[in-house]
Amino acid sequence: MQLRLVYFQVRAKAEPTRMALAYGGIPWIDESITSYFGEGGWPTHKPKTPWGSVPILAVDDVEIAQTPAIMRFVAGLVEQKEAGFAPSEPMLAAKCDAAFFAAEELGPVNPVVNVFKGEAFAEKKASYFETFPAKLSNLARALGDGPFFCGSRPTYGDFK
Ligand SMILES: N[C@@H](CCC(=O)N[C@@H](CS)C(=O)NCC(=O)O)C(=O)O
């Protein structure tokens with residue numbers, strides 16, 4: 001099975017998947033949008049992709065999109081090597097999802113840091129930090145004594 005992770009050449013939404021793949025010792029290829037889509041580029045191919053967005057994980061010739069779905073798929077692969085990485089017990093699975101989605105809410109920091117400059121940057125930063133402390137403290141509370149969100153071993157909920 002060949003895995004190609006298609007994204008911009010930045011960390012952002014693809015990085016948790018990269019980290020989980022690396023953690024699981026699962027080989028993958030980072031593929032830029034330009035090299036993956038080739039002629040016509042993203043604007044031409046976007047409507048034909050599963051959800052019109054990247055990241056996309058191409059599993060041989062089948063494309064998975066939506067970051068949490070990609071992560072769940074990768075977690076399933078890691079689970080085959082390390083039991084417990086993708087818990088099947090419903091309450092534990094919910095706990096992992098909650099950590100993953102709560103961390104996902106911090107994602108809008110990416111454009112703040114990487115895109116905006118000057119006055120726009122100052123405005124976006126101020127707006128981001130209005131809600132950041134509460135979100136961070138929720139994550140800290142969920143982590144408790146840790147060391148991981150769902151117990152003593154890492155799960156996909158820790159990779160965000
Ligand atoms: N809900 C999607 C959102 C993905 C998303 O916003 N991707 C952006 C890049 S970070 C994108 O595809 N931008 C190009 C476009 O919308 O045409 C996910 O979690 O994967």
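Q: How far is an oxygen atom of the ligand from an N or O atom in the side chain of K46?
A: This is a predicted model: local features need pLDDT of at least 70, side-chain atom pairs count only at pLDDT 80 or more, and totals for chains, interfaces and linings use all residues. Residues are numbered from 1 along each chain as its sequence is written, and side-chain values use heavy atoms, with hydrogens and water left out. A polar contact is a pair of N or O atoms within 3.5 Å; within protein, one must be able to donate a hydrogen and the other to accept it, and residues adjacent in sequence count only if both atoms are side-chain atoms. For the ligand oxygen and the K46 side chain, the distance is 2.8 Å.

Q: Which residue offers a polar backbone atom to a nitrogen atom of the ligand?
A: The side chain of K13 has an N or O atom 3.3 Å from a ligand oxygen. The ligand nitrogen instead has a backbone partner, 2.7 Å away. That partner belongs to V54.

Q: How much of the ligand's area does the protein bury?
A: Areas come from the Shrake-Rupley method with a 1.4 Å probe; for residues, only the protein chains shown count as cover. Taken alone, the ligand exposes 510 Å². The part buried by the protein is 65%.

Q: How many residues of the shell around the ligand are charged?
A: The shell, meaning residues with a heavy atom within 4 Å, includes Y7, W42, K46 and E104. Ala, Val, Leu, Ile, Met, Phe, Trp, Tyr, Cys and Pro count as nonpolar, Asp, Glu, Lys and Arg as charged, and the others, Gly among them, as polar. Five shell residues are nonpolar and three are polar. The charged ones number three.

Q: What pattern does the protein follow along the sequence?
A: Helices (H or I, at least four residues) and strands (E, at least two) are DSSP runs, numbered from the N terminus. There are seven helices and four strands. Read in order, they give β-α-β-α-α-β-β-α-α-α-α.

Q: What share of the 160 residues is buried?
A: Buried means under 20% relative accessible area, exposed over 50%, and partly exposed in between (1.4 Å probe, protein chains only). The C-alpha atoms fill a box of roughly 50 × 50 × 20 Å along the principal axes. Buried residues make up 36%.

Q: Which residues are linked with E104 in a network of salt bridges?
A: A salt bridge is a side-chain nitrogen of Lys or Arg within 4 Å of a carboxyl oxygen of Asp or Glu. E104 meets K13 at 2.9 Å; this pair joins helix 5 (residues 90-104) to the loop between strand 1 (3-7) and helix 1 (15-24), 91 residues apart. E104 also meets K160 at 2.8 Å, with K160 in the segment after helix 7 (118-143), 56 residues away. The partners of E104 in the network are K13 and K160.

Q: Is E104 buried or exposed?
A: Its two lysine partners are partly exposed: K13 has 34% relative accessibility, and K160 has 31%. E104 itself has a relative accessible area of 18%. It therefore counts as buried.

Q: How many residues apart are R18 and E15 in helix 1?
A: R18 forms a salt bridge with E15, the closest N and O atoms being 2.8 Å apart. R18 is buried at 12%, while E15 is partly exposed at 23%. Their spacing is about one turn of the helix, and in residues it is three.

Q: Which residue is joined to V54 by a cis peptide bond?
A: Most residues other than glycine have a negative phi, and most peptide bonds are trans. The bond after V54 is cis, with omega about 10°. A second cis bond runs from G146 to P147, with omega near 5°. The partner of V54 lies in the loop between helix 3 (41-45) and strand 3 (56-59): P55.

Q: What is the phi of Q66?
A: D60, in the loop between strand 3 and strand 4 (62-65), has a positive phi of about 50°. Q66 sits in the loop between strand 4 and helix 4 (67-81). Q66 is not a glycine either, yet its phi is positive, about 80°.

Q: How many disulfides does the count give?
A: A disulfide is a pair of cysteine sulfur atoms within 2.5 Å. C96 is buried at 0%, and C150 is buried at 11%. By the distance rule the count is zero.
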